[in-house]
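Hi,

Here is the structure I promised to pass on. Have a look at it first, and then read on for what turned up when I went through it.

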Amino acid sequence: MNKVILEHYPASKLPDELRSGIALGASVTVTIEEEAKRPLGREQLLELMQNAQASAPGTSLEEAVARVRALRDEWED
């Protein structure tokens, strides 16, 4: 989980919705923490994997095997 803490941050730089009730000349401590995500379900994981495979520029299985064999043969000589 990501967390960012800004100490002595000028209240005047805060957005209006966060600044209400705080003097413009005050310094504040701002803590931003990413909310915990719920674990993905099976269907969501499968969809993410399929999307990644479909859009990933990469190497086909045949190309990968050919590269591994070439490297192996290179070391065997």
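A quick definition before the surface numbers: accessible areas here come from the Shrake-Rupley method with a 1.4 Å probe. On that basis the protein chain has an accessible surface of about 7,300 Å², and carbon and sulfur atoms own 54% of it. Keep in mind that this is a predicted model.

On confidence, the average pLDDT over the protein chain is 86, and 96% of the residues score at least 70. Strand E2 (residues 27-33) comes out highest, with a mean of 94, while helix H2 (residues 42-55) is lowest at 84.

Now the overall layout. The protein chain has three helices and two strands, and read from the N terminus the order is β-α-β-α-α. The radius of gyration is 26 Å, well over the 11 Å that the globule rule gives for 77 residues, so the chain is more spread out than a compact globule. The C-alpha trace spans about 75 × 35 × 20 Å along its principal axes. For a feel of that on screen, pick leucine 71 and glycine 25: they are 46 residues apart along the chain, and their C-alpha atoms are separated by 65 Å. Leucine 71 belongs to helix H3 (residues 61-76) and is partly exposed, at 49% relative accessible area.

How much of the protein chain counts as buried? Just 5% of the 77 residues do. As for contacts with a separation of 6 or more, residues 24 or more positions apart account for 38% of them.

Strand E1 is worth a stop. It covers residues 3-10, and leucine 6 lies in it. With a relative accessible area of 34%, leucine 6 is partly exposed. That matters for the patch rule, which takes residues with over 30% relative accessible area and no salt bridge. Together with Val4 and Ile32, Leu6 makes a nonpolar surface patch of about 240 Å².

Histidine 8 also lies in strand E1, and its backbone is the odd one. Most residues other than glycine have a negative phi. Histidine 8 is not a glycine, yet its phi is positive, at about 60°. Its relative accessible area is 66%, so histidine 8 counts as exposed. I would like your eye on that residue.

Then the charged pairs. Side chains of opposite charge can pair when their charged atoms come close. The cut-off used is a side-chain nitrogen of Lys or Arg within 4 Å of a carboxyl oxygen of Asp or Glu, and by this rule there are three salt bridges. Here they are:

- Arginine 19 with aspartate 16, at 2.7 Å from N to O. Both sit in helix H1 (residues 16-19), three residues apart, which is about one turn of the helix. Aspartate 16 is exposed, with a relative accessible area of 60%.
- Glutamate 34 with lysine 37, at 4.0 Å from N to O. Lysine 37 counts as exposed at 69% relative accessibility, whereas glutamate 34 is partly exposed at 33%.
- Arginine 72 with aspartate 73, where the closest N and O atoms are 3.6 Å apart. Arginine 72 is partly exposed at 42% relative accessible area, and aspartate 73 is partly exposed too, at 36%.

Which spots would I open up on screen? I'd go for the patch made by Val4, Leu6 and Ile32, then the positive phi at histidine 8, and after that the salt bridge between arginine 19 and aspartate 16.

Shout if anything looks off on your side.

Cheers

Note on methods
Residues numbered from 1 in each chain as written. Predicted model: local features only at pLDDT ≥ 70, side-chain atom pairs only at ≥ 80, totals over all residues. Heavy atoms only, no water. Patch = residues over 30% accessible without salt bridge, like charges linked within 9 Å, V, L, I, M, F, W, Y side chains within 5 Å. Helix = DSSP H or I, 4+ residues; strand = E, 2+ residues; numbered from the N terminus. Buried < 20%, exposed > 50% of the residue type's maximum accessible area, 1.4 Å probe, protein only. Rg over C-alpha atoms; globule rule 2.2 N^0.38 Å. Contact = heavy atoms within 4.5 Å. pLDDT = per-residue confidence, 0-100.
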